[in-house]
Amino acid sequence: MDADVIIIGAGLAGLVASNELVRAGKRVLIVEQENAANLGGQAFWSFGGIFFVDSPMQRRLGVKDSFELAWQDWQGSAGWDRLDGAHPEDEWAQKWGRAYVEFAAGEKRAWLQQQGVKFTPVVGWAERGSLSAGGHGNSVPRFHVPWGTGTGISEPFADKAREADAVDLRFRHRVDGLVFTNGAATGVRGAILAPDDSPRGVSSSRDVVGEFELTAQAVVISSGGIGGDHERVRRWWPERLGTPPRTMVTGVPAHVDGRMLDIAADQGVRLVNRDRMWHYTEGLQNWDPVWPGHGIRILPGPSSMWLDARGRRLPMPGLPGYDTLGTLKILRSTPDLVDYDYSWFVLDQTIIKKEFALSGSEQNPDITNRDLALLLRTRLGRAAPGPVEDFKKHGADFVVADTLTELVRGMNALTGDDLLDEDSLRAQLVARDREIVNPFSKDAQTIGIQNSRRFRGDRLFRTVPAHAILDPRHGPLIAVRLWVVTRKTLGGIQTDLDGRALDGSGMPIPGLYAAGEAAGFGGGGAHGYNALEGTFLGGCLFTGRTVGRALAAAV
């Protein structure tokens, strides 16, 4: 036997499970198709936001949160509705969802601090939702930013794996199948890929130079989702979100291909909710890409005007930072928009310098490098953060102009379809600008801006005072073309509350476990239909910890 437990995938969930097993004195073998530079997986590239409930950071900023409010928000967002039949798809997802909110409201922060994770005082208000108390969205700010962004979450666990004598890291080992003995998972088999010293995230060779078979008492699948494979995304794209775009940008490296999910399904593992997925509508083409089609997401503040490809202001809930999938549905199911794969933000320099954050560790050097002085200069200074200005200068999706006439001309030239009419856009901007002269309004976006400014964290770091976009004192004018950027798989391998993978009859498969995105962040869909943000890394942490502890007691 090669180890007590084999873990497929060296991302965050697998590393957390490994850490729990090593602490219990177990021997772990981690197989990963990429090279050692990719230890830590997608988490390394992320902004790193973590969902806490009633944290000291929230309380310092005047936020009143509670488990009851967070669970209300989670249920309203998840909308679990597959609860009928002998083995419902949402049976375990719902249980995992509640367990995760209890974790986020309880020991999660203290446990992460014990692992060496530290947090900034910044609490963001991501995914504000569908504008109803019982519907989708966060009622209060819960997005806690770690020092180091995603690296601040992943690297403590990666370091533990690198340093542990009980962990055997097998890079360039691609799993092509599970090995079963008398109905129990006892190992993996696959191909040894040719050595490749490509930097982290860069597409690597798939040349096969050998084969392997490894055995253990149990196997954990923590291989991630499908976001790097657009064809798989389109295959599982749900009808409720309209037509999948012909052109998307990619928010994860190419090796996040979902192939292990299909392998598991072919070998009798139950996958559920495969049509639930999470893709952002504020994607940019990265002007300095790492992987093919590399996309970066804007984490927008509330003030930009959002237009469809035809230049019309999006209806509710299509507001910046509110309802990701609600906006995606508008863009992909409105009959005269389905032929266009993009939308627009229109804003000004005042807005971009404070309200544009770019998702990704490499786009936030101040927080990633734990540089407090740089953080204060860039987030409170007169100019936009350097990475944002770089995108404005070099990005293929930006148009900058001193007048609206020049802006519309540049937008039409960029797309080549001449869909935008200056008079129509001017009328919409004037109507929007008239709403901001009072501290009250009937306009939902203006109300949202005022609401955001009442939160101290947003007032300091994320939301500019309400002002007219057409006021030249706030110029130049800026237009940003936005694409759908692929990101997360919300369904996956159905697991019980110990992380044991289930078969088609709903029974645990002996020796087989799943964690992270491969398990739909718990139970095959802990988020349901929607995510509250700060919950993807958190789901990897929670499922990895749960699986590691369950296996430590079982093997």
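**Helix H15 and two helix pairs**

Q: How far does helix H15 (residues 422-434) reach from its first C-alpha to its last?
A: This is a predicted model, in which local features need pLDDT of at least 70 and side-chain atom pairs pLDDT 80 or more, while totals for chains, interfaces and linings use all residues. Residues are numbered from 1 along each chain as its sequence is written, and side-chain values use heavy atoms, without hydrogens or water. Helices (H or I, at least four residues) and strands (E, at least two) are DSSP runs numbered from the N terminus. With 13 residues, H15 is expected to span 18 Å at 1.5 Å a residue (times one less than the residue count), and the reach is close to that, 18 Å.

Q: Which residues of H15 are buried?
A: Buried means under 20% relative accessible area and exposed over 50%, with partly exposed in between (1.4 Å probe, protein chains only). Asp423 and Arg434 are exposed, on the other side of H15. The buried ones are Leu425, Gln428, Leu429, Arg432 and Asp433.

Q: What do the buried residues of H15 pack against?
A: Contact here means heavy atoms within 4.5 Å. The partners are two strands and two helices: strand S14 (305-307), strand S15 (342-348), helix H14 (404-415) and helix H16 (444-454).

Q: Which side chain has a polar contact of 3.0 Å with that of Arg432?
A: A polar contact is a pair of N or O atoms within 3.5 Å; within protein, one must be able to donate a hydrogen and the other to accept it, and neighbours in sequence count only if both atoms are side-chain atoms. Arg432 counts as buried because its relative accessibility is 3%. The backbone oxygen of Ser303 lies 3.2 Å from a polar atom of the Arg432 side chain. The side chain joined at 3.0 Å is that of Asp433.

Q: At what angle do helix H1 (residues 12-23) and H18 pack?
A: Axes are lines fitted to C-alpha atoms, for helices over the stretch in contact, and angles run from 0 to 180 degrees between N-to-C directions. Leu12, Ala13 and Val16 are among the H1 residues that meet H18, where the partners include Leu537 and Cys540. The axes lie 7 Å apart, at an angle of about 35°.

Q: How many of the 19 residues of H18 are buried?
A: H18 covers residues 536-554, and its end C-alpha atoms are 27 Å apart, which agrees with the span that 19 residues should give. The helix is mostly covered, and the number buried is 16.
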